[in-house]
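Hi everyone, thanks for making time for this. I'd like to walk you through a model I've been looking at, so let's put it up on the screen.

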2 protein chains.
Amino acid sequence: MIENFQQLIQIVQACEKKTIVVSAAEDSYVIKACFEAHKLGLADFILVGNEPEITEICINNSYSSAFKIYHSSDHATAVKDSVNLIKSGEANAIMKGHLHTSVFLKALLNKEQGLNSSNSFISHVSLFEKEYGSGLQLLTDGAMPIEPDLNTKKLIIENAVKLASRLGYTKPKVALLSAIETINPQIKDTIDAAILSKMADRGQISGALVDGPFALDNAISMQSAQHKGITGPVAGQADILVVPNLQVGNVLHKSITYIAHKNIATAVIGAEVPVVLTSRTDSIESKVLTIALACYLSK
Amino acid sequence: MIENFQQLIQIVQACEKKTIVVSAAEDSYVIKACFEAHKLGLADFILVGNEPEITEICINNSYSSAFKIYHSSDHATAVKDSVNLIKSGEANAIMKGHLHTSVFLKALLNKEQGLNSSNSFISHVSLFEKEYGSGLQLLTDGAMPIEPDLNTKKLIIENAVKLASRLGYTKPKVALLSAIETINPQIKDTIDAAILSKMADRGQISGALVDGPFALDNAISMQSAQHKGITGPVAGQADILVVPNLQVGNVLHKSITYIAHKNIATAVIGAEVPVVLTSRTDSIESKVLTIALACYLSK
């Protein structure tokens with residue numbers, strides 16, 4: 001079981017080095033992250049995109065010898081070329097460079113020409129070190145579906161459980177978050193939480209302990225759960241936090257980053273290979289951790 | 001302008017001491033908070049409720065000489081007696097003890113017999129020290145309305161602006177939060193944010209600079225706002241964060257408390273006198289700050 005980010009880095013450093021292809025790599029933030037990850041021995045990189053711009057960034061920063069660079073005429077071509085490098089086995093994971101997330105994901109997840117031939121459900125997970133107890137805390141989904149319905153929530157849970165299990169968490173504890181820990185028919189996500197908990201009890205969601213609704217505090221802090229008299233195997237010790245909608249996930253991810261100043265790795269789950277999706281405003285540490293996680297997950 | 005909690009405490013200590021009446025005070029957490037606030041010279045307290053239980057808690061903790069104690073036969077009577085102490089001028093603010101928040105608020109906000117004769121809109125504000133720049137950050141409303149409609153959001157903003165102005169913030173900067181900073185018709189709160197911003201532009205919300213939607217990071221961090229190219233007088237320097245619904249407000253309040261470990265004061269705005277509403281799991285520091293804020297706001 002991966003207990004913390006230090007351990008994740010060490011495991012990746014000790015394994016055979018993976019190659020990550022970067023689509024539309026002409027972005028100094030992205031190339032800096034690749035350089036730092038390369039310096040740590042985490043991965044090799046192929047930078048695909050506007051070759052003159054990429055070369056200029058590399059020269060200006062003395063990154064010159066670190067990367068292979070392939071020219072592509074435009075963003076769409078860059079993604080297509082990157083996918084081909086994955087398909088030919090030259091790269092193990094793909095990273096978004098200087099192009100719109102929606103353009104990148106659309107090309108990537110195209111059933112015929114992308115990296116999702118089985119048309120799997122794709123979701124996003126944020127990971128950070130737990131604040132209470134040891135281990136990693138998974139948070140999903142603060143990036144993709146706006147108002148997930150019950151079935152989408154089930155798929156989000158299953159993707160996160162798959163990821164947790166890859167990280168060595170057998171039977172991860174899944175907490176379904178809301179504003180309160182009781183059922184209130186006026187708050188739809190408390191109803192969804194009740195239903196999803198029972199679905200898990202009946203084996204309709206497997207490989208995890210699922211419970212909810214919880215407010216954030218009684219999901220992560222045992223003291224807080226005990227104060228409220230909430231029992232069960234998930235209360236106070238959740239491994240996976242499932243948010244009710246995009247807004248809650250986004251504000252939680254952002255407050256952990258910008259107010260609690262924790263490093264956050266992210267993962268896109270469901271594609272055929274790991275996908276590295278970082279944002280410009282992510283810290284360099286968070287970008288490197290996201291790259292390390294992609295290397296860990298690439299087989 | 002109150003810049004931080006230390007300054008708030010000092011101002012209250014320097015002013016004439018206020019008296020707070022506690023309804024159903026038979027709770028060791030509540031009495032401990034009162035004792036600490038009293039020790040700091042912030043307020044005097046009248047403890048109303050089950051007199052034998054209150055006395056036992058006081059004796060067991062050597063708080064004996066600190067408080068006046070009045071007996072009331074049950075919770076409803078305790079609130080009624082507390083309101084009468086406010087009306088007779090013996091107390092300046094009211095604090096919730098060991099009873100359900102809904103019971104307490106219902107009795108308190110009763111138009112005829114409570115402390116809301118003008119039937120004002122009541123809302124909840126959390127306050128913490130800003131993470132970027134100096135000053136206090138107000139967050140509303142993570143406690144009361146579940147899915148506020150446009151008009152309710154306007155009232156929530158107006159209450160928070162009133163509070164900010166009492167704290168010396170002239171023309172406070174109000175950021176309307178969502179998951180993203182662009183308008184997306186599929187995300188209703190981005191639409192509401194656009195409408196509320198324009199209402200403020202046209203003078204329908206006054207005394208404040210209102211803008212949105214923002215994601216949390218570009219509301220509070222100038223660097224983040226600049227990264228995204230978001231301009232205007234609110235971006236990156238919001239004083240007041242208005243959340244789209246209860247779930248977002250609750251998770252943000254909780255993550256600031258339980259993951260970022262910041263102290264949070266809270267205020268209930270709209271009643272005739274300040275209302276102290278603390279929860280058992282609040283830290284003692286946060287409870288004392290909430291008491292200090294009530295003293296500051298009581299005239």
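Let's start in helix α7 of chain B, where B:D192 and B:K188 both sit, four residues apart, or about one turn of the helix. This is a predicted model, so please keep that in mind throughout. The side chains of these two residues meet in a salt bridge, with N and O 2.9 Å apart. Now, which of the two partners is buried, and which is exposed? B:D192 has 6% relative accessibility, so it counts as buried. B:K188, on the other hand, is exposed, because its relative accessible area is 53%.

While we're on helix α7, which covers residues 188–201 of chain B, have a look at B:I191 as well. B:I191 counts as partly exposed, because its relative accessibility is 31%. Together with B:I183 and B:I195, B:I191 makes a nonpolar surface patch of about 220 Å².

Let's go over to chain A and another pair within a helix. A:K39 and A:E36 are both in helix α2 of chain A, three residues apart, which is again about one turn of the helix. Their side chains form a salt bridge at 3.4 Å, N to O. A:K39 is at 56% relative accessibility and therefore counts as exposed.

For the wider count, a search of the whole structure turns up 24 salt bridges over all chains. How many of those are between chain B and chain A? The count there is two. One of them is the salt bridge of A:D217 with B:K254, whose closest N and O atoms are 3.2 Å apart. A:D217 has a relative accessibility of 2%, so it counts as buried. B:K254 counts as buried too, because its relative accessibility is 15%.

That brings us to the interface as a whole. People often express the size of an interface as the accessible area that is lost when the parts come together. Here, about 3,100 Å² is buried between chain B and chain A, and carbon and sulfur atoms give 71% of that area. In terms of contacts, 35 residues of chain B touch 35 residues of chain A.

Next, the overall build of chain A. How many helices and strands does chain A have? Its secondary structure comes to eleven helices and eleven strands. Chain A is as compact as a globular protein of its length, because its radius of gyration is 20 Å, close to the 19 Å that the globule rule gives for 299 residues. If you turn the C-alpha trace of chain A along its principal axes, it spans about 60 × 35 × 30 Å.

Of the 299 residues in chain A, 58% are buried. The accessible surface of chain A is about 12,000 Å², with 49% of it belonging to carbon and sulfur atoms. As for the contacts inside chain A, take those between residues at least 6 apart in sequence: 68% of them join residues at least 24 apart.

I'd like to finish with two individual residues, one in each chain. In chain A, let's zoom in on A:E26, in the loop between β1 (18–23) and α2 (28–39). Is A:E26 buried or exposed? At 12% relative accessibility, A:E26 falls under the 20% cut-off and so counts as buried. What does A:E26 touch, leaving aside its neighbours within four places in sequence? Its contacts there include A:V48, A:G49, A:N50, A:H75 and A:H98. By contrast, A:S118 is 92 residues from A:E26 in sequence and 31 Å from it in space, C-alpha to C-alpha.

Over in chain B, the residue to find is B:L8, in helix α1, residues 5–14. B:L8 is buried, because its relative accessible area is 1%. If we don't count residues up to four places away in sequence, B:L8 touches B:I2, B:L289, B:A292, B:L293 and B:Y296. And where is B:R202 relative to B:L8? The two are 194 residues apart along the chain, and their C-alpha atoms are separated by 34 Å.

That's my tour, and I'm happy to rotate back to anything you'd like to see again.

Technical notes. Residues numbered from 1 in each chain as written. Chains lettered and ligands numbered in written order. Predicted model: local features only at pLDDT ≥ 70, side-chain atom pairs only at ≥ 80, totals over all residues. Heavy atoms only, no water. Patch = residues over 30% accessible without salt bridge, like charges linked within 9 Å, V, L, I, M, F, W, Y side chains within 5 Å. Areas by Shrake-Rupley, 256 points an atom, 1.4 Å probe, with all protein chains shown as cover. Salt bridge = Lys/Arg side-chain N within 4 Å of Asp/Glu carboxyl O. Helix = DSSP H or I, 4+ residues; strand = E, 2+ residues; numbered from the N terminus. Buried < 20%, exposed > 50% of the residue type's maximum accessible area, 1.4 Å probe, protein only. Rg over C-alpha atoms; globule rule 2.2 N^0.38 Å. Contact = heavy atoms within 4.5 Å. Buried area = accessible area lost by both parts, 1.4 Å probe.
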